[in-house]
Amino acid sequence: MAQARNVLAKLRAKLRGQGNPSVNKIRRQRALRNGLWRGLPFIRLLLFTVGYLWLLVIPSSRLGQGTYIDENALQPGQVNTNWNWGEVHHADRILEDLEQLRDRNASSDEIALYAVSEFEKYGIPARRQRYSYDTVSGTINGTNAYAVLQSPRASGTEAIVISSSWLSRTGEGDGTLNLRGVSTLLALAGFLKNYSLWAKDLVFVMSDGYLDGMQAWITTYHGETQPNLKAEPLSLQSGVVWTALNIDYPGHSFSHLGLFFEGLNGRLPNQDLMNSVSLIARYTGGVPVLVYDHIDPREDRNQPSLLPSWLPEPIKQNSELQEYASRARNVYRHMNYQARGAASGVHGLFHQFRIDAITLFAVPATGPHGFHALGRILESSLRTCNNLLERLHASFFFYLIVGPGTFMKIGSYLPSAILVGTAMLFTGLGEWVGAGWTFVPSESQARDNEKAGEKATATGSAEAGKWRRRARPVLEPIVIMVLTHILGVMLFCLVKGSWFATNQKVAGPVLFLLFSAVPAVISQVVPSAPAGHASIPSVLKAFNLCFASAVVSITSVLNFSLAAALAVSMGVPLSFSSPSSSTSSSATRAAKYTAYCVLGLGWLVLCPEETRKAVWNWEVLRVWFAPFVCVVYVPLVLQAGLVCLLPS
């Protein structure tokens, strides 16, 4: 025991050092700071490397876990379904009527009137709702039909919505009709009217178009206003909507049931709803479930391989690699929807009002499933939602669905974007500290260097010289940042204008050249920093990286996919922007600046269709992706370009 005390005493004395304890503490802190400063490049490299590798590892089969039901009240698949072949025959008769309306090119009013008449045949009150949107590309008109089946067992303070749009989500609303989805909705309404077990109102909505009709209906239902929307008020009302199921059945029959779940601006439904429907589809309906409409090539040999054809056959047959490719496809599609803030189906419009909703997509095939299986799944799913005593809250709202029955919790994927954001923050702080100090060589070292015709090396030794503080210009970089964000606002106003919509092929290149040239011209009038002060580009880079880091870190919690896209597109490029030295040629500085302009504004020329969709989503659905890109992303990249362009 005494020997152990002696060892501890020696260690304590060695760590504390000899002499005054306070002086030793200051020396240790100074040594720690110096060590961190010297190791800062390695720390940044480590954070970037681990962050980007983590993003690549997300689809790995080593991560993720099986889905499960958190909410005990749901009890999915615990009821006997009553949907039978008589209801299937009824759905077939409705389908024939809808095909006749399609063949004679019936108007939206006629189609909605037919749906209202069918609802009223069942004794369910129904109405039409006309709407119109004023957009830069023209006016969008349509007519919705809806009906409200009052709950016979409750006061109607809560409701479930069952919906189907006239256009299917096939091709993201490319014009494919959703006739069997509408047929299922109308036949289901007549079937459910015969039962008195409902504790919630059932609201049936046949929306016109693809997304625009439901946006008009759900916005009006909640009393919200939209400047460019004119919609008739709803004469039939119900209670607070807790859950919603959207039916999308575009083919003659189907082989799998695909689940779509992304909502506007990156919102996701409570995972319990998806898990319940998935379980019911498999065990009540006998239908295999997919994430989206992705059929695994390992299950269907007719599906194309997910791996490149040039890979050797032994590698292509590797089960781990095949699983990675399958998960990567699901993760990529999820991130594509979520990063753009786009809804993957009509269900996504409900999320903005805190309504958990998903789309049940019947993947077109020659069989073996049809109205019978889909009806049983919907009936059992509605019975499950009917069991709820409160909103879904027990399960996850932040997750990645990497495969059927497999998901990742937020803690498994969030650190990837956070690490990249932290690396950007450390880089920005390093630039800020570096801008506040300058190395002044000693007189003897200066004479020696002058004789040798060399520059002093900033070794920091007492013989070579010493470090001195210098003032850092703050106002000029802040003004530059504010001006670039104002330019971003102007860019957004032009992009969402009618001139850009009608002349996009010409307007895109013109805006690219204009908004690339304006910052470059303004940079010529930026005054140089006074002698003895840090250069403006170095302080601008510090502010730019710190602000970009904050954007990535905050966005990662709200919309991980957008944060991951920002981490990839801005992390390394912004960190590698560097002030040009006095010896750099104008051509070199212009080339660097042009590269950043292409990174920030290239979408104006290279992605015209995506630009058009983003503007439409903003006008009609209030998706924030277009203004975010113009007002946040573009200015941040242009600021990095100005760091390279401005003279140091």
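## Cysteines and disulfides

How many disulfides does the count come to in this protein? In this predicted model, the count comes to 0 disulfides. One of the cysteines, C597, is in no disulfide, and the nearest cysteine sulfur, which belongs to C644, is 10 Å away. A disulfide requires the two sulfur atoms to be within 2.5 Å, so a separation of 10 Å does not qualify.

Two cysteines can be placed with respect to the surface. C597 has a relative accessible area of 3% and is therefore buried, and C385, with a relative accessible area of 4%, is buried as well.

## Overall picture and confidence

The protein has 648 residues, of which 51% count as buried, and it contains 22 helices and 14 strands. Taken along the principal axes, its C-alpha atoms fill a box of roughly 100 × 80 × 55 Å. Among the contacts with a separation of 6 or more, 82% are accounted for by residues 24 or more positions apart.

The pLDDT averages 90 over the protein, and 93% of the residues score at least 70. Over residues 454-460, however, the pLDDT is below 50, although this stretch has 12 contacts in the model beyond near neighbours in sequence.

## Two nonpolar cores

The largest nonpolar core holds 110 residues, and the members that touch the most others are F204, W217, F261, I358 and L360. Helix α6, which runs over residues 179-192, gives the most to this core, with 9 residues. A second, separate core has 73 residues, including V402, L414, L601 and C630.

F204 shows what surrounds one of these well-connected members of the largest core. Leaving aside neighbours within four places in sequence, F204 is in contact with ten residues' worth of surroundings that include F119, I124, A145, Y146 and A147. Further contacts of F204 include L149, I162, L185, A189 and L192.

## Helices α14 and α16

Helix α16 comprises the 20 residues 504-523, which at 1.5 Å a residue should span 28 Å, and its end C-alpha atoms are indeed 28 Å apart. Its buried residues are Q504, A507, G508, L511, F512, F515, S516, P519, A520 and S523. These buried residues pack against α14 (475-495), α15 (498-502), α19 (586-601), α20 (603-606), α21 (608-621) and α22 (625-645).

Helix α14, one of those packing partners, has 21 residues that should span 30 Å at 1.5 Å a residue, which agrees with the 30 Å between its end C-alpha atoms. In α14 the residues P477, I480, M481, T484, H485, L487, G488, L491, F492 and V495 are buried. They cover an arc of only 150° around the axis, and therefore lie on the same side of α14. An α-helix has 3.6 residues a turn, so residues three or four places apart point the same way.

## Buried residues in other helices

A187 has its place in helix α6 and is buried, with a relative accessible area of 0%. Although A187 and H90 are 97 residues apart along the chain, their C-alpha atoms are separated by 6.3 Å. Not counting residues up to four places away in sequence, A187 touches W83, E87, H90, A91, I94 and Y122. T384, in helix α11 (residues 371-386), counts as buried at 3% relative accessibility. Its C-alpha atom is 12 Å from that of N80, while the two residues are 304 apart in sequence. With residues up to four places away in sequence left out, T384 touches L74, Q75, P76, G77, S276 and I280.

R333 belongs to helix α10 (residues 319-340), and its relative accessible area of 17% makes this arginine buried, because the cut-off is under 20%. Beyond neighbours within four places in sequence, R333 is in contact with R169, E172, F260, Y292, D293 and H294. S538, in helix α17 (residues 536-558), counts as buried at 9% relative accessibility, and, once neighbours within four places in sequence are set aside, S538 is in contact with E431, A435 and P579.

How values were computed. Residues are numbered from 1 along each chain as its sequence is written. This is a predicted model: local features need pLDDT of at least 70, side-chain atom pairs count only at pLDDT 80 or more; totals for chains, interfaces and linings use all residues. Side-chain values use heavy atoms; hydrogens and water are left out. Helices (H or I, at least four residues) and strands (E, at least two) are DSSP runs, numbered from the N terminus. The expected span of a helix is 1.5 Å times one less than its number of residues. Buried means under 20% relative accessible area, exposed over 50%, partly exposed in between (1.4 Å probe, protein chains only). Contact means heavy atoms within 4.5 Å. pLDDT is the predictor's confidence in each residue, from 0 to 100. A nonpolar core is a set of buried Ala, Val, Leu, Ile, Met, Phe, Trp, Tyr and Cys residues joined through side-chain atoms within 4.5 Å. The arc is that of the directions from the helix axis to the C-beta atoms.
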